[in-house]
Every structure is written in structure tokens, then in C-alpha cells.
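Work through the exercises below with the structure in view. Try each task before reading its solution.

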Amino acid sequence: MSKPEAETFDGLRQRIRDRFAALSPHLQRIARASFEEPNGFALHTTAKIASDLEIQPSTLIRFAKEFGYSGFSDMQKVFRQRLIEGEATVRERVYSEASNRPTPPDVAELLRSCVGAHVAALNSLLETSNTESIAHAIEMLRSARHVYIAGLRRSRPIAAYLSYALMRSERPCSLLDFAGGMAGPQIATIGAEDLLVAIAFPPYSRQVVDTVMDAFVSGRKVLTITDGPGSPLAANSHAQLYVDAGTAAAFQPISAPIALVQTLVTALTWTATDAN
């Protein structure tokens with residue numbers, strides 16, 4: 001079976017539905033997983049997905065070839081494109097969940113739930129952070145002549161906070177102006193001694209993904225803050241800081257990346273005099 005020239009995630013999902021009954025039990029297991037965990041299919045390695053499904057990596061390749069793809073990596077691009085283009089909006093999810101609730105939520109319980117999500121995110125940051133990677137990122141920031149910062153959607157306030165903190169530390173920086181259409185010209189001014197810091201989590205903003213790729217291909221230094229090695233930002237950057245974006249909260253907490261940004265900037269302001 002040949003695949004459409006430019007297949008969308010919805011198109012692939014429909015083709016999988018149409019052929020599900022004809023698939024072998026192993027391939028049906030993969031098909032079900034692709035519906036239930038599309039983010040995992042986009043972000044995890046072939047070995048990781050195969051291990052989770054208790055199958056051989058070659059079975060994933062066979063699954064992809066069943067639908068006309070040259071291999072699983074080729075099919076995986078469709079799942080990654082879905083993340084870049086975005087899923088249902090937060091508003092739609094919240095309204096959908098609200099319509100299933102018989103009564104309005106208790107405010108005290110809602111507060112506990114939201115605070116709990118932030119606490120969990122911060123604890124995860126402490127448990128999973130690579131301090132060597134953080135130290136390397138600090139040195140990149142310290143040695144940069146000028147820091148350019150990219151972030152949209154929920155990453156925008158994180159990017160804005162980094163810009164604010166760097167300016168308070170009297171370090172030259174610029175927040176890329178996507179809304180005003182000036183991000184492209186700003187990127188063109190990045191020099192060999194400058195640094196681009198890009199922040200993005202699923203669903204990744206295409207503008208930020210493209211900005212990172214353009215800067216990286218041009219030989220500019222790029223530091224990314226994202227959710228994992230499967231992120232499209234990670235592949236086109238010289239250093240990466242990972243913050244787990246997986247949470248059941250309707251609105252994803254930004255407390256963990258904010259804490260990470262505070263760590264970076266606080267380290268920049270630390271001097272030998274402070275240590276004495």
C-alpha cells in the first residue's frame with residue numbers, strides 16, 4: 001500500500017482504522033497504541049516504543065511499511081507534525097471537561113489540585129535535571145555577547161521572564177518579536193559570539209521550531225529548553241535542558257521551567273565576592 005504524498009495525522013489515523021481488522025495481533029497492538037499515546041509515538045525512540053509494547057523494533061518497521069512508509073522513522077514524522085501544528089485548544093479541552101461535571105468544582109479543592117500540579121512539576125525537575133547540562137548552559141549564557149530568546153504560547157511567559165531576569169542582571173538580550181514580524185530580521189543579526197535560547201513544549205510552535213533550525217543551520221549557538229530528546233528543538237541545538245511536560249492538569253504548569261530559568265540567571269549573578 002502506498003501512502004499519500006503529504007499525509008496528515010488524521011489521514012493516517014483513518015487509514016489505520018480502515019485496515020485495523022486485517023492487521024496481525026502484533027500490528028493491532030501498535031495501532032491501538034498509536035491512537036492512545038500519539039505523543040509517545042512522536043517523541044520516543046523506536047527502541048523505547050518497542051520496549052513499552054513488548055515487541056521487536058522490526059515489528060514497528062513492518063507496521064510502517066504496511067501503510068506505505070519506508071520505515072518507522074518516516075511514519076514518525078506524521079506524529080511529530082501533529083505536535084508542531086497543535087492539538088485541540090486548551091479552551092476546548094476545559095469546556096469539554098466542564099460539560100461532564102454535574103456541579104461546579106469546589107474552589108478549595110481546585111486550588112489544592114492546581115498547587116499540587118505545580119509541586120509535582122517542581123519535584124520532577126529536582127529528580128530528573130542533569131546538573132552538568134545546567135552548568136554547561138550557564139557557561140553558554142555567561143560567555144554570550146548577546147542573548148536572543150524565542151518562546152511562544154505557554155513558553156512565552158517563560159521567555160519573557162528570562163529576558164527580564166537577564167536585563168536585571170545587566171546582560172544584553174532581546175526577546176524575539178514574532179507578533180511584530182521582526183523575529184526574522186533579529187535572527188539575521190545573531191553573531192558568532194551570540195546565543196539563541198529557544199523554549200518550546202508540545203504542541204511546539206512552528207515559528208520557534210523554524211527559528212531554531214535556521215539559527216542552527218547558520219552555525220549560530222543554540223540552547224533549548226524543551227521536554228525531551230524527541231523534541232524538534234533538541235535535534236537542532238548545541239545544548240538542551242529538559243523539563244518534563246507530562247501532567248494531567250488542564251493548564252500545563254510553567255513553575256518548573258521558571259525555576260530552571262531562575263537557577264540559570266542566579267548563577268550568572270554569583271561572584272567570587274558573594275561566595276566569601
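**Exercise 1. Pair two strands.**
Task: Find how E1 and E2 pair, and over how many bridges.
Solution: E1 and E2 pair in the parallel sense, over three bridges. Next, pick out a facing pair. Tyrosine 148 stands opposite serine 174 in E2. Keep in mind that this model is predicted.

**Exercise 2. Place E1 in the structure.**
Task: Decide whether the residues of E1 are buried or exposed, and which way they point.
Solution: Sort the residues by direction. Val147, Ile149 and Gly151 point one way from E1. Tyr148 and Ala150 point the other way. All of these residues are buried. Now count: five of the five residues of E1 are buried, so E1 is largely enclosed by the rest of the structure.

**Exercise 3. Draw the whole sheet.**
Task: Write the order of the strands in the open sheet and name the edge strands.
Solution: Start with the order. The open sheet has five strands, E2-E1-E3-E4-E5, with parallel pairing. Then look at the ends. E2 (173-175) and E5 (239-242) each have a single partner strand, so one side of each is left without a neighbour in the sheet. Add the twist: it averages 15 degrees from one strand to the next. Finally, check one inner pair. E3 (residues 195-199) and E4 (residues 221-226) run parallel and are joined by five bridges. Within that pair, valine 197 stands opposite leucine 223 in E4.

**Exercise 4. Add helices to the sheet.**
Task: State which strands H9 touches, and which strands H12 touches.
Solution: Take H9 (residues 131-143) first. H9 packs on the sheet and touches E1 (147-151), E3, E4 and E5. The direction of H9 makes about 125 degrees with that of E5. Now turn to H12 (residues 206-217). H12 also packs on the sheet, where it touches E1, E3 and E4. The direction of H12 makes about 155 degrees with that of E3.

**Exercise 5. Describe a helix pair.**
Task: Describe how H10 and H13 cross, then list the residues that meet.
Solution: Begin with the axes. Those of H10 (residues 156-168) and H13 (residues 255-269) come within 10 Å and cross at roughly 15 degrees. The two helices are therefore roughly parallel to each other. H10 passes H13 in a right-handed crossing. Next, list the contact. From H10 come Pro157, Ile158, Tyr161, Leu162, Ala165 and Leu166. They meet Pro257, Ile258, Val261, Gln262, Val265 and Leu268 in H13. Sort these residues by type: 11 are nonpolar, one is polar and none is charged.

**Exercise 6. Inspect two loop residues.**
Task: Locate serine 155 and isoleucine 55, and name what each touches.
Solution: Serine 155 lies in the loop between E1 and H10. At 2% relative accessibility, serine 155 counts as buried. Leaving out residues up to four places away in sequence, serine 155 touches Ile199, Ala200 and Phe201.

Isoleucine 55 sits in the loop between H4 (46-53) and H5 (57-66). With a relative accessible area of 10%, isoleucine 55 is buried. Under the same exclusion of residues up to four places away, isoleucine 55 touches His26, Arg29, Ile30, Ala50 and Leu60. Arginine 29 is 26 residues away along the chain, and its C-alpha atom is separated by 9.4 Å from that of isoleucine 55.

Key. Residues numbered from 1 in each chain as written. Predicted model: local features only at pLDDT ≥ 70, side-chain atom pairs only at ≥ 80, totals over all residues. Heavy atoms only, no water. Axes fitted to C-alpha atoms, helices over the stretch in contact; angles between N-to-C directions. Helix = DSSP H or I, 4+ residues; strand = E, 2+ residues; numbered from the N terminus. Parallel < 35°, antiparallel > 145°, perpendicular 65-115°, else oblique. Left-handed = near helix turned anticlockwise from the far one by under 90°. Contact = heavy atoms within 4.5 Å. Nonpolar A, V, L, I, M, F, W, Y, C, P; charged D, E, K, R; others polar. Pairing = 2+ DSSP bridges. Buried < 20%, exposed > 50% of the residue type's maximum accessible area, 1.4 Å probe, protein only.
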